[in-house]
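Trainee: I have a model open and want to learn how to read its features. Where do we start?

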Amino acid sequence: MPRVEEGFWADPAVEAAVRAWDLGVVVRLFRQHTGLSQAAVARLVNIDQAEVSRLERGRKKIRDRRQLAQWSEALGVPVGLLGALPDADRPSSTADSSRGRLALQEGPGQLLLPAGRNLPPTALPTLTGSAASLQRDALWLTSSREAEAWSRMPLRALFAVRHGEVGTERHFVMDVRGGDRDQLGSSFAIPMAYELDDLTYGILWATAGFDSAVLGDDAALHGNLALLSQPRLGTDSRPIAADALTDGSQMLVGSRACARFILDQRDELAGDPVFWTREQRGEEAATWLLFEHKHRYLRTMAPTRAHDGVGRAFCIPHQEVVASPLYERVLLFLAIALMESYGVTTWVTDETDLQQTEGFALVPGHRAAIATWVRAEGAPQTALTAGARSLRAFADITGHARAHTVTTGTTPGERLAATSDYLGLDRAWLIRRCGELAAVGTTGLARPRSRHLSLDALDRACAYVAVELQPEAGAPVGATR
């Protein structure tokens, strides 16, 4: 038995995963702590390494009580930490694998979306029914007086249908205000692309969380965003009064302030910069996919010649990957794909010593615009520097990320393949699901209510992944690093 430090099983992330019998998360954290390979863990439990890989990637769920007991004994899980063994006869659902609970009974229910580090928990009203028919890659939900009333609901709510036999049911959802009707207006069409899995669940989770936060702060945001519209925001600007805002709204204000600052310094930078960014998890990276101002900023700063020296470096330590739920890792992957779609080469370093580095845009040997809002204390931090020492330090950091990226590749497709592997995502699944969503668009799934949110960047990222991600490039699908 490998040596396990005394405090490992007391870690909140480990404890929560154990009590939920989420063995995929438990095994990832266990391997990270002990340094064991997947093959070594497989030998502990007397199974194939491929089974461990599928378990960690969420492609396999263990429901058998005997196997659960075998795993807990092999890993040395303290008996006092174990929750009640799950009912082996209870069918698993797509929603269960996405950390949500979709009401399975006919009629009104809720889709429960958990809190993130900054986003609040959200409960989406959900009207669930059985599909009346399957036509043209869509499930049709028969209209009723109740469904008609729900279709006019101003707040976010979902239609859901179940499809398949009991025990193997799949769930499909859409925004109540985003669906198509048949010619008679008697049925609502839910595209098959809107199957509830880690991709669509992540999109709903992030959109609903940010929408709720921003709409709840609408009046307070008005003054803060008016301040940001003043010309030449810089280090001598009045501080942004964001104390009364929710965390989600503070993310909007902070990211907008930093984007505005860098745009204002374009003439001073006088060249195409390389960027260092602090986003490490899907919650932070989803701002690129959903915030309207960040997509405008990305379009404005896109290089004139794609992948010709302009790059963006991410610091994503392995412990952040293994601690992130699968739906957040999908969002992080899509944000990186969005960068590549605009001709920005991406690098990912797992060097933990660099994760506190402030965000910056650097023109080597000339200028650097410092702009930090992710995990910043208080107001966003902005500054312009031409100091030789700072420029050398920033150049060393981006140079290290470029030289030691864990997502190496000479083409965008190769880099995306390596990124999906590093994040523990199934490339074939990503290509298929992103292609399906790109074909129908995501508005019908997660239509934003706030004017500050848009799904244009998300749609672009999905379409790009479907075309550029290479299933055979680099390491095998599901490989771990």
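Trainee: Which residues lie nearest the centre of the largest cavity, and how many residues line that cavity?

Mentor: Start with the idea. Rolling a probe the size of a water molecule over the atoms shows where empty space is left. Keep in mind that this is a predicted model. Here, 19 residues line the largest cavity. Cys258, Thr277, Arg312, Ala371 and Trp373 lie nearest its centre.

Trainee: How many cavities of 30 Å³ or more does the structure hold?

Mentor: Seven. The largest contains about 210 Å³ of space.

Trainee: Which elements each supply at least two residues of the lining of the largest cavity?

Mentor: Two helices and two strands are named: α10 (247–264), α13 (292–301), β9 (274–277) and β13 (367–372). α10 gives the largest share, with four residues. By type, the lining has eleven nonpolar, four polar and four charged residues.

Trainee: What is the chain around the cavity built from?

Mentor: The protein chain has 20 helices and 14 strands. Of its 481 residues, 53% count as buried. Now take contacts with a separation of 6 or more: 73% of these join residues 24 or more positions apart. The accessible surface is about 20500 Å², and carbon and sulfur atoms account for 49% of that.

Trainee: How many disulfides does the count come to?

Mentor: Zero, with a cut-off of 2.5 Å between cysteine sulfur atoms. Take Cys462, which is in no disulfide. The nearest cysteine sulfur belongs to Cys434, 4.4 Å away. That distance is over the cut-off, so the pair does not count.

Trainee: Is Cys462 buried or exposed?

Mentor: Buried, because its relative accessible area is 0% and the limit is under 20%. Cys315 is buried as well, with a relative accessible area of 2%.

Trainee: Backbone angles next. What is the general rule for phi?

Mentor: Most residues other than glycine have a negative phi. So look for the exceptions. His307 has a positive phi, near 55 degrees. Arg375 has a positive phi of about 55 degrees and is not a glycine either.

Trainee: Where does His307 lie, and what is the place of Arg375?

Mentor: His307 lies in the loop between α13 and β10 (311–315). Arg375 is in the loop between β13 and β14 (381–385). Recall that α13 and β13 each supply at least two residues of the cavity lining.

Trainee: What are the relative accessible areas of His307 and Arg375?

Mentor: His307 has 28%, so it is partly exposed. Arg375 has 32%, so it too is partly exposed.

Key:
Residues are numbered from 1 along each chain as its sequence is written. This is a predicted model: local features need pLDDT of at least 70, side-chain atom pairs count only at pLDDT 80 or more; totals for chains, interfaces and linings use all residues. Side-chain values use heavy atoms; hydrogens and water are left out. On a 1 Å grid over the protein atoms alone, a cavity is a set of points where a 1.4 Å probe fits but cannot get out, and a pocket is an open set with protein on both sides within 12 Å along at least five of seven lines; lining residues have an atom within 4 Å of a point. Grid points are joined across faces, edges and corners, and a volume is the space filled by probe spheres set on the points. Ala, Val, Leu, Ile, Met, Phe, Trp, Tyr, Cys and Pro count as nonpolar, Asp, Glu, Lys and Arg as charged, and the others, Gly among them, as polar. Buried means under 20% relative accessible area, exposed over 50%, partly exposed in between (1.4 Å probe, protein chains only). Contact means heavy atoms within 4.5 Å. Accessible areas come from the Shrake-Rupley method with a 1.4 Å probe; for residues, only the protein chains shown count as cover.
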